[in-house]
Amino acid sequence: MESTPQQLTTRSPLEAGGCVRRRPTAAALVRRLSGNLVFRSKWAELNGAMGDLGTYIPIVLALTLAKNLDLGTTLIFTGVYNFVTGAVYGVPMPVQPMKSIAAAAISSPSFDIPEVMAAGICTGGILFLLGITGLMQLVYKLIPLSVVRGIQLAQGLSFAMTAVKYVRNEQNFSKSKSAGERPWLGLDGLLLAIICAGFIILVNGSGEDQENGEEEEESPIRTKKSTVTKIIALLPSAFIIFLLGLILAIIRDPNAVKRFKFGPSSIKVVKISKHAWKEGFVKGTIPQLPLSILNSVVAVCKLSTDLFPGKEVSATSVSVTVGLMNLVGCWFGGMPCCHGAGGLAGQYKFGGRSGGCVALLGVVKVVLGLVLGSSIVKILVQFPVGVLGVLLLFAGVELAMCARDMSSKEESFVLLVCTAVSLVGSSAALGFLCGIIAHLLLRFRKFAGVNQR
């Protein structure tokens with residue numbers, strides 16, 4: 001009897017006895033990766049790809065203007081990251097700039113590109129080690145759900161508050177400061193942002209996949225209303241708004257297109273001195289590491305499990321991919337990156353349901369990086385910031401809504417302690433610590449049999 005291609009795998013005696021799971025063949029692995037990139041719905045996946053841009057563009061633009069970050073190289077590397085993670089995980093896994101490192105660079109004149117890249121490499125190296133040793137999975141299992149929800153709620157509210165600041169005030173990204181109140185009218189006016197927000201609410205509602213309602217008898221009028229509702233729901237709201245922003249950016253500065261320089265940026269190895277390594281670790285890695293562990297790994301894995309129960313996203317694999325992204329790209333000037341619960345929530349909010357969503361975004365980034373290089377910043381500086389604020393607002397709200405599943409007063413108490421300290425103290429690590437302490441004290445109180453009055 002001839003063996004089929006699927007049977008041509010090496011099996012040890014233990015595997016033959018059923019004690020060890022067989023390793024998948026190369027063909028099976030390719031089929032799995034290809035299946036992860038299949039679109040569930042073309043327009044919905046395209047729309048979902050826009051859900052993370054409210055976070056990505058402002059931070060990358062700020063570093064490009066303030067520190068001369070090589071935008072072309074960053075686009076190429078983050079595009080490759082998007083494509084690979086989309087194929088590996090099969091969910092719209094975002095690729096976002098590391099926020100604490102970016103904040104340190106923007107706020108400190110001496111924290112330049114070598115320090116930024118050193119911070120990214122150190123952070124990535126630590127996350128990679130935590131992943132391959134299995135310690136990250138242990139951390140993920142030990143952290144209470146109420147603390148994870150507190151971190152998610154704090155991050156979501158932080159995004160939402162930043163979004164409102166983008167909408168209400170004009171921004172100077174190169175200095176990370178507001179530049180006065182935004183006028184009501186104009187190509188980047190307050191009225192435009194309000195209309196965009198209203199359009200997203202009209203199309204996407206509160207984010208449910210299905211609207212709940214009682215069944216009623218069909219009538220021509222109701223059938224017509226139902227048809228109109230379905231057509232509205234199919235509109236790619238985020239993509240339409242982003243396209244509108246690009247058109248307005250060109251109208252604001254028509255000469256920006258003429259200043260494009262075709263061709264990729266020259267990719268060079270960043271020279272990092274001993275002083276840069278020290279500064280990068282102290283000012284960048286130390287504040288970034290808790291945020292990466294909590295929001296980029298733990299919260300992302302929990303949110304992915306909630307949104308995509310059929311997809312397995314482990315803390316080990318996420319920690320390893322974040323580590324590898326930075327151990328590779330930062331040496332060549334690519335912005336330090338991580339995954340983020342806010343980006344995942346935003347892409348899910350606008351329709352992202354598969355790895356094809358972020359893979360498509362990755363292809364666009366790579367093409368832009370190869371064709372236009374860093375000259376694309378000419379058009380991005382004219383992009384209406386209020387419109388970006390609207391996209392970021394809904395990503396933040398979607399992430400914050402994950403906290404609605406707390407079923408007891410005890411869990412809600414821990415969640416709110418964690419959230420309040422994270423927001424007021426501007427530190428996810430401090431909020432996490434206070435949440436853990438509150439959780440342990442409540443457990444001890446319950447174990448000791450202290451009666452509530």
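A residue is called buried if its relative accessible area is under 20%, exposed if over 50%, and partly exposed in between, with a 1.4 Å probe and protein chains only. The structure described here is a predicted model, in which local features need pLDDT of at least 70 and side-chain atom pairs count only at pLDDT 80 or more, while totals for chains, interfaces and linings use all residues. Residues are numbered from 1 along each chain as its sequence is written, and side-chain values use heavy atoms, with hydrogens and water left out.

## Overall architecture

The protein contains 20 helices and four strands. These elements are DSSP runs, numbered from the N terminus: helices are H or I runs of at least four residues, and strands are E runs of at least two. Of its 453 residues, 48% count as buried. The accessible surface comes to about 22,900 Å², and carbon and sulfur atoms account for 64% of that area. Accessible areas come from the Shrake-Rupley method with a 1.4 Å probe; for residues, only the protein chains shown count as cover.

A contact means heavy atoms within 4.5 Å. Among contacts between residues at least 6 apart in sequence, 83% join residues at least 24 apart.

## Nonpolar cores

In soluble globular proteins, nonpolar side chains tend to be buried together. A nonpolar core is defined as a set of buried Ala, Val, Leu, Ile, Met, Phe, Trp, Tyr and Cys residues joined through side-chain atoms within 4.5 Å. The largest such core in this protein has 107 residues, and those with the most contacts inside it are Leu63, Met117, Leu303, Val318 and Val390. Helix 13 (residues 274–307) supplies the largest share of this core, 12 residues. Another core, of five residues, lies apart from it and includes Leu153, Ala400, Ala403 and Leu415.

Leaving aside neighbours within four places in sequence, Leu63 is in contact with Asn68, Leu69, Ala102, Ala105, Ile106 and Met335. Asn68, one of these partners, is placed in the loop between helix 4 (53–67) and helix 5 (71–89). Asn68 is exposed, with a relative accessible area of 66%. Most residues other than glycine have a negative phi. The phi of Asn68, however, is positive, near 60°.

## Selected residues in helices

The table lists four residues together with their relative accessible areas.

| Residue | Relative accessible area | Class |
|---|---|---|
| Asn82 | 1% | buried |
| Thr321 | 17% | buried |
| Phe83 | 37% | partly exposed |
| Leu243 | 41% | partly exposed |

Asn82 belongs to helix 5, as does Phe83. With neighbours within four places in sequence set aside, Asn82 is in contact with Met93, Pro94, Val95, Val358, Ala359, Leu361, Gly362 and Lys365. On the same basis, Phe83 touches Leu37, Val358, Ala359 and Val363. The C-alpha atoms of Phe83 and Lys365 are separated by 10.0 Å, although the two residues are 282 residues apart along the chain.

Thr321 is located in helix 14 (residues 315–329). Residues up to four places away in sequence not being counted, Thr321 touches Tyr89 and His339. The side chains of Thr321 and His339 are joined by a polar contact of 3.2 Å. A polar contact is a pair of N or O atoms within 3.5 Å; within protein, one must be able to donate a hydrogen and the other to accept it, and residues adjacent in sequence count only if both atoms are side-chain atoms.

Leu243 is found in helix 12 (residues 237–252). Its C-alpha lies 10.0 Å from that of Met50, and the two residues are 193 residues apart in sequence.

## The strand hairpin

Two strands pair if DSSP finds at least two bridges between them. Strand 2 (residues 169–172) and strand 3 (residues 177–181) run antiparallel and are joined by three bridges. Within this pairing, Gln171 has Ser178 in strand 3 as its bridge partner. The two strands form a hairpin with four residues between them, and Ser176 in the turn has a positive phi of about 55°.

## Cysteines

A disulfide is a covalent bond between the sulfur atoms of two cysteines. Here it is identified as a pair of cysteine sulfur atoms within 2.5 Å. By this rule the count is zero disulfides. Cys122 is in no disulfide, and the nearest cysteine sulfur, that of Cys330, is 9.7 Å away. Cys338 is buried, with a relative accessible area of 3%. The sulfur of Cys338 is too far for a bond because the closest cysteine sulfur, in Cys337, is 7.2 Å away.
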